[in-house]
Amino acid sequence: MRLHDEATVGQRVAYYRRRRGYSQAVLSGLVGRSEEWLSQIERGARDIDRLSTILEVAKALRIVPQRLLPGPFHTTPRQTQQSGTIGTAPDVVPDIETAMLRYDGIAGLVGITDPGPVNLGHLERQVELSFVCSQTEQWSRMAPLVPGMIADSYHASRQAVTDAEKRRAKTLEALVYRVTSGMLDRLGEPRLPWVAAERSMAAAEMTEDPLLIAGGAWRLAVVLRHSGRLTESTDVPTAAADALRRDDRNATPEHLSVYGSLMLKGAVGAASVNDHSAVRDYLSEVERTAERLGSDRNDFWFAFGPTNVSIHRVWLALELGDPSQAIDLADAVPLDQLPPELAERRVSHLITVAWAYYLRRRYREALDALTEARMAAPEQLIFTGRVHTMLSGMLRRERRSIKHDLRELSEFVGVAG
C-alpha cells in the first residue's frame, strides 16, 4: 500500500498500523476502542470526528499527528460567477516559501539589495486587503500579494530610523506574517504556518503593543492546536488574556474584542482535550465580555461579539461529542447579523452545522448547508479538509435523493466519486 496526499485519515491509520506491525486488535486495545470501531474507521464506514481522537491514535502508533492528516491541498483552477478564478493559491506557496527564506536572517548573506524606500501607505493597504481576503476566504486573490508584502515589511523594518518609524514597520511585519500564517494554515501546509506565526509574534513583541502581541498569541494558538500541541494551544491564549486582564477596568472596545477572542481560543483548546468544566468557565467569561462589548465588532480582524460567541457554542458542542445539541444550538445563531465581509465566520458555521448533520446521517441537510456555504465563500469549501471528508463519505453511501446535487458539489470541490 502506498500513501498519497489525498489519503483519508482511515487509510492513513491502516497504513501506519501495518507498518508498525500491529493488528487491528492490538491498536484498538491501545486506544481503548473496539476492534469493530477501528475496522469501520479504516474502511471508511466511520469518520474520526475529533482532533483528540486522532492524537490518541497517533500516540499509539508512535507517529506525529500530522501523518494522519491529509497533506497540502492540490487544486485545479475553476471559474465562479462571484469570485472569478479560484483554486490557484497553492501554486504561489513556493514563491511565499522563497520569500520567507530570503527575507530573514540570511538576507545579508545572500546579497539582498535595498530596493529603495518602501511605500508604507501602499503596504498598509496591501495588508488591509489581505485581511479582507482572509475574512472572505479569497485565498487565490490574496496569495500573489504575499511575497511582495514579506519583502516590503523586511526592508521597511531596516529602513526605519525613528522609534515611531520602527514601531510602524514592525506592526506591519507582525500583521503580514499573521495573515500569511492563516492562509498557509488553510492551504494545509505543514510547516510554514508555524514559522509565520512565530515571526508575527516576534515582530509584535518589538512594538510593545499589548493588543498586537495578543493577536500574535491568538494565531500561534491556532497553529499549536493544528500541530497537536493541545495543552500549549490553551496556555498561550490564556496567558495573553491574563496580561490584558490586568488593565480590565480601563478596557477599550478594541481591548475587549481581543481579550474575548483569546478566551474563545482557550475554550477551543479545553474542548479539544474534553475538559467540559473548563469549557463552561471560558464560555462564561467570554459571554460576560461580549455583553460588555454590546455588539459585533471586527477589531484587529477578530470578528468578536455576541454572534461569534453563538457560532463557537455550536462548534464546542460538536467538539465535545454532541452533534444533536450542536444542531439545536445552530437555530439560535443570528447569521443575518454578520456583514458580508465576515463570510469566513458564516461559512465556518455552516460547515460545522453540515458536519453535525453528517454525523447524524442526515445527508440532505448536510448537503444543503454546504451548498449555502458555497454561495458565500466557495474557496473555503475547496480548502477545508472536513468538507472533503463529508463529501467523500456521502459519495461512498450515495443516496438517490441527493445524487445529482452531491456529485455536482463534489466535482466543484475536487472530491472524486
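This passage walks through selected helices, salt bridges and aromatic contacts of the structure above.

The model is a predicted one, in which local features need pLDDT of at least 70 and side-chain atom pairs count only at pLDDT 80 or more, while totals for chains, interfaces and linings use all residues. Residues are numbered from 1 along each chain as its sequence is written, and side-chain values use heavy atoms, with hydrogens and water left out.

A good place to begin is helix 6. Helices here are DSSP runs of H or I with at least four residues, strands are runs of E with at least two, and both are numbered from the N terminus. Helix 6 covers residues 120–135, 16 residues in total, and its first and last C-alpha atoms are 23 Å apart, close to the 22 Å expected at 1.5 Å a residue. The expected span is 1.5 Å times one less than the number of residues in the helix. At the N-terminal end, N119 acts as a cap, with a side-chain oxygen 3.1 Å from the backbone nitrogen of G121. After the helix comes E137, which has a positive phi near 55 degrees. The buried residues of helix 6 are L120, G121, L123, Q126, V127, S130, F131, C133, S134 and Q135; buried means under 20% relative accessible area, exposed means over 50%, and partly exposed lies in between, using a 1.4 Å probe and protein chains only. Their cover includes helix 7 (139–142), helix 8 (146–159), helix 9 (163–186) and helix 17 (343–359).

Helix 15 offers a second example. Its 14 residues, 306–319, should span 20 Å at 1.5 Å a residue, and the end C-alpha atoms are indeed 20 Å apart. Because 11 of these 14 residues are buried, helix 15 is largely enclosed by the rest of the structure. The buried set consists of T307, N308, V309, I311, H312, V314, W315, L316, A317, L318 and E319. Following helix 15 is G321, where phi is again positive, near 90 degrees.

Charged side chains come next. With a salt bridge taken as a side-chain nitrogen of Lys or Arg within 4 Å of a carboxyl oxygen of Asp or Glu, the count comes to 20. One of them joins the side chains of E42 and R17, at 2.7 Å from N to O. This bridge links distant parts of the chain, since E42 belongs to helix 3 (residues 35–43) and R17 to helix 1 (residues 9–20), 25 residues apart. Both partners, E42 and R17, are buried. The bridge between E36 and R43 has its closest N and O atoms 3.4 Å apart. Here E36 is partly exposed at 42% relative accessible area, and R43 is partly exposed at 48%. A further bridge pairs E97 with R191, with 3.1 Å between the closest N and O atoms. It too links distant parts of the chain: E97 sits in helix 5 (residues 93–102) and R191 in the loop between helix 9 and helix 10 (192–207), 94 residues apart. At 33% relative accessibility, E97 counts as partly exposed. In addition, E254, R297 and D299 are linked in a salt-bridge network.

Two individual residues round out the polar picture. E285 lies in helix 14 (residues 276–293) and is buried, with a relative accessible area of 18%. Its side chain makes a polar contact with the side chain of R288 at 2.8 Å; such a contact is a pair of N or O atoms within 3.5 Å, where within protein one must be able to donate a hydrogen and the other to accept it, and residues adjacent in sequence count only if both atoms are side-chain atoms. Leaving aside neighbours within four places in sequence, E285 is in contact (heavy atoms within 4.5 Å) with R245, Y259 and M263. R62, in contrast, is exposed at 57% relative accessibility, and is placed in the loop between helix 4 (51–61) and strand 1 (78–80). Under that same exclusion of neighbours within four places, R62 is in contact with R20 and Y22.Finally, the aromatic rings. The structure holds seven aromatic pairs. Rings of Phe, Tyr and Trp (its six-membered ring) pair if their centres lie within 6.5 Å, with planes under 30 degrees apart counted as stacked, over 60 as edge-to-face and the rest as tilted. Y358 and Y363 form a tilted pair, 5.7 Å centre to centre with 40 degrees between the planes. Y358 is buried at 0% relative accessibility, and Y363 is buried at 3%. Together with W355, Y358 and Y363 make up one aromatic cluster.
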